[in-house]
Amino acid sequence: MLTVDFDRLAVGPETQAIDIGAGQGRHSFEMFRRGADVIAFDQSESDMADVGEMFDAMMAENQVPASAKARAEVGDALHLPYADDTFDVVLMSEILEHVPADEAAIAEMVRILKPGGKAAVTVPRYWPEKVCWALSDEYHEVEGGHVRIYRASELAAKLEAAGLLVTGTGHAHALHAPYWWIKCAVGVENDRNPLVRGYHQLLVWDMMSAPTVTRTAEKLLNPVIGKSVILYLEKPA
């Protein structure tokens, strides 16, 4: 389940890319498949161990071009261990809403991006996220949970103030917004609820089979209720 359109980032062979806050690696894996030299970066040692194993498996099964490289590294997004102007592409997906010092994280992202390089930043969209917060404190008041809700204009202003240009926007995961509203309404941990179970089965079917009906529905609904907002950016040369 990808949030970012990697065609818009021109990710391909020899692209030097980093996925900051990679989590379980879904975006890192896609960039690796496209032939990029990828670093999956996250503070979770267990997640990065799993991502590293998947990188190895992808290479063993010839799922990636022979020239592609990938590794998983553990660290702090506020203190990235890379030189200035290192990467052609930098990704931060669904991360900044967790980071109290978001402007410091943005500054580090901009620092390591090459002049002329491209970036993508995604966060939960304002009004679908607002509904979740209204329905449930449990949804966000957890360790490592969401500390803020962004308006797209607010996030764009912070990114531009740090030295990036916004080159495009988008929305994704419209079908996931109602799922989280239901979970927040019945209890975030209440996975046995019939509505939650039924909707989860629908989402799994959609991800595994990609049927035309749900793919078309989500494409039409993304501008209206897409759960994530994406900002595509460039660092001036």
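These questions and answers test the labels given to residues in a predicted model.

Because this is a predicted model, local features need pLDDT of at least 70 and side-chain atom pairs count only at pLDDT 80 or more, while totals for chains, interfaces and linings use all residues. Residues are numbered from 1 along each chain as its sequence is written, and side-chain values use heavy atoms, with hydrogens and water left out.

Q: Why is the pairing of R34 with E30 called a salt bridge?
A: The term requires a side-chain nitrogen of Lys or Arg within 4 Å of a carboxyl oxygen of Asp or Glu. The closest N and O atoms of R34 and E30 are 2.9 Å apart. The pair therefore qualifies. The structure holds 16 salt bridges.

Q: What makes E30 buried and R34 partly exposed?
A: Buried means under 20% relative accessible area, exposed means over 50%, and partly exposed lies in between (1.4 Å probe, protein chains only). E30 has 17% relative accessibility, so it counts as buried. R34 has 24%, so it counts as partly exposed.

Q: How do you know that D102 and K158 link distant parts of the chain?
A: Their side chains meet in a salt bridge, at 2.6 Å from N to O. D102 is in helix α3 (residues 102–112) and K158 is in helix α5 (residues 152–161), 56 residues apart. Helices here are DSSP runs of H or I with at least four residues, strands are runs of E with at least two, and both are numbered from the N terminus. D102 and K158 are both buried.

Q: Why does the pair K227 and E129 count as a salt bridge?
A: The N to O distance is 3.7 Å, and the limit is 4 Å, so the pair counts. K227 sits in the loop between α8 (212–225) and β7 (228–234), and E129 sits in helix α4 (residues 126–135), 98 residues apart.

Q: Are K227 and E129 buried or exposed, and why?
A: K227 has a relative accessible area of 11%, so it is buried. E129, at 1%, is buried too.

Q: Which residues do salt bridges with shared partners join into one network?
A: The network consists of D7, E30, R33 and R34.

Q: What makes helix α1 mostly covered?
A: Six of the eight residues of α1 (residues 26–33) are buried. They are H27, S28, F29, E30, M31 and F32. Their cover includes β1 (16–20), β2 (37–42), α2 (45–60), β3 (69–74) and β4 (87–93), where contact means heavy atoms within 4.5 Å. Just after α1, G35 takes a positive phi of about 100 degrees.

Q: Why is M208 called exposed?
A: Its relative accessible area is 70%, so M208 is exposed. M208 lies in helix α7 (residues 194–209).

Q: What makes M1, V204, M207 and M208 a nonpolar patch?
A: Patch residues have over 30% relative accessible area and no salt bridge; like charges are joined within 9 Å, and nonpolar side chains (Val, Leu, Ile, Met, Phe, Trp, Tyr) within 5 Å. These four form such a patch on the surface, with about 410 Å² of accessible area together. Areas come from the Shrake-Rupley method with a 1.4 Å probe, and for residues only the protein chains shown count as cover.

Q: What makes the phi of A10 and E14 notable?
A: Most residues other than glycine have a negative phi. A10 has a positive phi of about 55 degrees, and E14 has one of about 75 degrees. A10 is in the segment before β1, as is E14. E14 has 66% relative accessibility, so it counts as exposed.
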